[in-house]
Every structure is written in C-alpha cells, then in structure tokens.
Amino acid sequence: MTEPFITAKNRLLRRTVRSFCDQELRPIAAEIDQEARFPWEVVEKMGRLGYFGIQAPPELGGAGLDALSYVIIIEEVSRVSAAVGLCLSVHNSVALYPILAFGSPEQQQRWVPALAQGRKIGAFCLTEPNVGSDAGAITATALPASDHWLVNANKVFVTNGGIADICLIFARTDPAAGRKGISVVVAERGTQGFVVGDLEDLCGMRANPVASIRLYDCRIPRDHLLGRAGQGLTIGMAALDTGRIGIAAQALGIAQAALDEGVRYANQRQQFGVPLGRHQAIQMMIADMATQVEAARLMVYRAALLKDQGAAVSRAAAQAKLFASEAACTVTDLAVQIHGGYGYSKAYAVERYYRDARVTRIYEGTSEVHRMVIARDVLGN
Amino acid sequence: MPVHSIVCIKSVVRTAPDGVGRRTPDNSELNPFDRPALEAALRLKAALGGSVTALSMGPPVSAEVLAEAQAMGVDRAVLICGPALAGSDTLVTARVLAAGIARLMPYDIVFFGTRTSDSDTGQVGPQSATVLAIPFIGGVKQLEPALTDPLADAPTAPGATASHWRLQRLIDGWEESWQVQSPMAVTIHPRAYQARSIALGGIAAAHAPLDIQTWGLADVGMSVDSVGLAGSPTRVSNLRKIKRPRTCRMLTGEPREQVDALIEELTTKGILGS
C-alpha cells in the first residue's frame, strides 16, 4: 500500500532522517533522558545537515523544505528522542519561523543564517509564572527608551531555555493598551541583565534544557522589535499555529515508537505458551493503537499540507495537535500495559515514551484550549 | 586532473520476496552496498574535481534511489528503464549497464558495490567490466592517483588525466596493493568508506526539479529479445528459505574454564578475530 499525501521526496526524506536518527540518536536516547543531558554532539551534526533550518530558504542557510517535510522530520526524530524533536520543533517553528514571517530583511540577515545552521539555538518566551493559557495577561514589559527597549521579564518553562542564544520575548511595550500593547522583542543571550534560571526537573522530555529566562533592566536595541509594536499576540498566534503542527508531529512520532515497541514485545514475549500477540486482549490493544496512530498521521499531514497550500490552518492545526497528543497518551499507555511490569521499568523504552507523551497535551496550548479554538471555529463565533 | 566517475547503483527490495518480488516505492531502497561506492566516487571528485554520474537499470521506482544519489551530491543521474528488461539476469544486466556506460564516454572509473542486499550475486560489477573489456579490481579499500606512471616508471605528461592509479583491496585477511590504468572498474569494500549523512537541503535541491535522464533500450542500442527473461541464459528456478534452528549449549565448570570454552568457540566460528 502506498501512503496518501507522500511523494518520492517525502519518502527519501523519511528514510534519510530515520537512518540518521537510528545511527546517531538511538544509541544515546535513553541515556540523555536519564542524565537530562542535551546531546550537543548530535545536535551539531544536525545543524550542519539542515535540521535547524528546515523551512528557511537556502539563500539564508536553510534547507528550503515545505511544511509536510517539516512534520515528517519532527515525527521521525521524535520517534527516537522526543526531547530532541521538541528542541527542533520549537527552534524551527516558534523561534525561526516568526523571524522569517515578520522580521525585516536586516533582521533576517542578522539572525536566520546562524539559527538555520544550528550555530545558534532559538527559544520562544511567552509563559510566565501566573500566565499560561491566558497569553493576553502577561506582565513582562519592554518600555521604549531613547535608543533601546528597557525589558523586564520573568519567563518560565522556556523550551531550549538553558541553551538558547536568541529568545523571542513577549512583553508589553504599551502597558495602557491591553492586548494591543503586547510586542515581541528579540533578546540575545549575553546581553547585560539576561539571566538563565535553573533547569526544570521534568517528568519527561528530560534531554531538553527547559529553563526560566529572566531579564532585569535589560537594554535591547530598538531594531530588535519583531514586526510592529502591538503586534505581539498576532505573531504569537501565527507562531503557535505552526508550532502546534510540529508538536502534533512530535506526539505522532512518540505514538509510532510506542506502537513499534508494543508490536515487537507482543510478538516476542510468551505467556500461556504462546506469544502475547496471540491473545485477543492484546490484539484489541494493538488494533486500537495502530488505528490511533494512522488517524493522527492523516490529521498531522493534512494540517501541514494545508499550510503548504497557504490555507488557514488554525483549526486544522488545533485538531491535529489535540488528536495526536491525546493519541500519544493513549498509545503509550497501552504500550506500557502490553509490557506489563517491564513497561514500568526504565529498562524498556516505553517507560520513557509514556513520560514524554504526557506534556504534549499541555504545551503549546492545552487540549482544553484547543477544544476552545476548534469549537469557536466550528460554531462560527 | 579531473576524474569522471560512473557509479552503478540498484534499487533493492527491502523485504524478502514472497513469490515474485515486486518493487514498490515503500519496499525499495538504495542497495546499502552501493553507498560506499557513491562515497568513494564523491570523495574522489572533492579531491580532484571532475564529475560523478549515477547509473541504474531497473523499473521506474529506481528513480528514487537516483534522486538519493543526487541528494548525496552526484552531478548526473541516468536510469535505463523498459518493460522488456524485467527478468534480466546478471549477464544481461551487465550488458545493458555496459551499453549505458559506453554512452557516457569518456569516463575514468566505474564504481560498483560489492554485491546487492536482495540478490547477493556480486557478479554485475565484474561482468560489466568484462563486457566493457576494462580492468577490474574487487573489494577496493582505497584508491588514489599515481602521480607518476608506475608501469612505465616515468612521470605522466603534465595536464594528462590521472590514468594510473594505486589501489588497495581487502580480501580474506589480506590487503593487496595494485597499480591499474584507467579506464577501470572497481567494487568498493563495504567497510572502506562510511557514506555521508544526506543534508536536508540536498534532498530539496535534488527535487527542485527532479532531473533524471531516462534511457530506453533503443537509446543504448539493445533489442527487446536480447534482454529480460528472453535474453537471459540463466534463471533462478527456485528460492527456498533455510531456517537454521537455534540451539542452546550450557557451558559448565569453573568460570575461567567457561570463559576459555566460550572464547574458543567464538574464535573457531570466526566471530572473534585471532
């Protein structure tokens, strides 16, 4: 059977990424999770091969691929290490993409080549201790001064935060203007007053250095404003629409990995004198898992294809992210169940998949926020 | 001294055939033994200049492995394709490839993998060289231009192409050194060159747009009855899977005796090197 949507280019891309990840990432995937270590040795290679500038144009150092290629790459990387898939997804879609979509030509020349080649890592700084889903309520400020923005911000749960060089900071440039007073300024690591807080000790995605980033009276040059003043939430929502497709692809990769391990174990482990897969109870689980994975894949690829066609993707991206992340949790849970006690042990990869899957229902919009977005669109209000 | 190389590659079936093997995009891939051959040719080009052409004979799905070769960095890709070619044995494959190679004249070196992962004969490289009547060295580990003509013991004329080469080949625990005059054909030892990881930008570039030349039988001057099943003097009459039962042998005695017995066994079987 030939898959729908997939072209020869996509197949080659999938084989290429799979082979790279099997060779370079799989041998260390469990170890970097346990040690909560960011795998620079592999990330540097990925940078040289174009993984950090998937959709950036070749003239700015990118690989020049489309959104469908992007989700296939995130899916394949996440199948081996969801934490590295997360790094790529956030870097490509909510750090690099907004600069490509909203940055001036000068800003693109300044930041894109280094980001696209992985020489610099990007991060997206929206969440604050008391601001999660309600993005319009942020308290960070970037007040205009003579030749700079004076930025004060306390951003938490910043993916890639511990290693990021270029951070998109959401802050109020006009505190009196409410939601319309929010803007995005680009802060570079090393600027005076830019402080990286402690790394979060997380349940899953442990190889990603998620950290808080604080800016204390940080002077950011005036030309570091991305887009126009007050355009912050528009940029944020556009970035998150793209980002959600990436996170959906990441969840899909985790689910596929859990299905693979479930099938392998069901064929190998003997109980009552036959392989587990001969027992109807296990067959039902495998059937449900495979169906969830395929359905998630169709939704994720569809959202990417719509993006490639230039269509509105908010609803499709929200649906893909909602479905794929819920599927990842269901499928990883069943994979643990098939493994029995061993599935609860760190000796088996499904334990890691189970932990990694959980956050996909939370970050870049919770499942509940996505239901809000979808319902609003369906109801037309 | 630019070097013009041709690398013959094959789209192989990834899974074991069940009845008649049918190649589809989902079950095909670049023969893994061809990757080191592509790498060797690309490194030669990087060092000396010139060009690398990937050549394949096979059904249309083979275009995908040619695109992969382009993503790795080859300059040109040619597919010899036609329904009459189905069922060709290694001799006919070699004749067709040789006809294609002749059309790609002038060339210096024709590279092959040592064998394919799906039919495993190892014959097509040496047979093609025989049809072309050019020298052939198998299992090459390293090749470099000889700056002087080692056969004549005199410097090569300035500006001449690297027509003399120093080669090392690996075989059965030996390393042989050769001096060979090009044009020549070689198979590259599977462990000699670690093929490069493909850059994502290379994949985008190879497909923008896809540029693979397709030649039919007439283009290489061959007739329908000289190829395929009709033209093949050999035929696979049966293919049977051999199942080797796994046995478990318990080693007894003191730990030291057990370790000695285990090492002895592994050494005898050639799993541990002597």
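Select A:Tyr265, A:Tyr342 and A:Tyr348. In this predicted model, ring pairs join these three residues into a cluster.

**Stop 2: the other rings**

Stay with aromatics. Across all chains, a search of the whole structure turns up five aromatic pairs. Select A:Phe38 and A:Trp40 for one of them. Their ring centres are 4.9 Å apart, and 80° separates the planes. That pair is edge-to-face. Now colour the two by accessibility. A:Phe38 has a relative accessible area of 10%, so it is buried. A:Trp40 reaches 36%, so it counts as partly exposed.

Next, select A:Phe124 and A:Phe170. The centres of these rings lie 4.9 Å apart. Their planes stand at 65°, over the 60 degrees needed, so this pair is edge-to-face. Show the backbone around both rings. A:Phe124 belongs to strand 1 (residues 122–125) of chain A. A:Phe170 belongs to strand 4 (residues 166–172) of chain A. The pair therefore ties together parts 46 residues apart in sequence. Are these two rings buried or exposed? A:Phe124 is buried, at 12% relative accessibility. A:Phe170 is buried too, at 1%.

**Stop 3: two helices**

Hide the rings. Select residues 232–268 of chain A, which form helix 7. Add residues 314–339 of chain A, helix 9. The angle between the axes and the distance between them describe two packed helices. Here the axes come within 8 Å and cross at roughly 20°. Because that angle is under 35 degrees, helix 7 of chain A runs roughly parallel to helix 9 of chain A. Rotate the view to look at the crossing: helix 7 of chain A passes helix 9 of chain A in a left-handed sense.

What classes of residue make up the contact of helix 7 with helix 9 of chain A? It has 18 nonpolar residues, five polar and four charged.

**Stop 4: a buried threonine**

Select A:Thr360. Look for it in the loop of chain A between helix 10 (349–358) and helix 11 (367–379). This threonine has 0% relative accessibility, so it counts as buried.

Now show what surrounds A:Thr360. Leave aside neighbours within four places in sequence. A:Thr360 is then in contact with A:Met205, A:Ile247, A:Gln250, A:Ala251, A:Ile254, A:Lys321, A:Ser325 and A:Ala328.

Finish with a distance. Pick the C-alpha atoms of A:Thr360 and A:Leu322. These residues are 38 apart along the chain, and their C-alpha atoms are separated by 8.8 Å.

Terms used. Residues numbered from 1 in each chain as written. Chains lettered and ligands numbered in written order. Predicted model: local features only at pLDDT ≥ 70, side-chain atom pairs only at ≥ 80, totals over all residues. Heavy atoms only, no water. Axes fitted to C-alpha atoms, helices over the stretch in contact; angles between N-to-C directions. Helix = DSSP H or I, 4+ residues; strand = E, 2+ residues; numbered from the N terminus. Parallel < 35°, antiparallel > 145°, perpendicular 65-115°, else oblique. Left-handed = near helix turned anticlockwise from the far one by under 90°. Nonpolar A, V, L, I, M, F, W, Y, C, P; charged D, E, K, R; others polar. Buried < 20%, exposed > 50% of the residue type's maximum accessible area, 1.4 Å probe, protein only. Contact = heavy atoms within 4.5 Å. Phe/Tyr/Trp six-rings, centres within 6.5 Å; stacked < 30°, edge-to-face > 60°.
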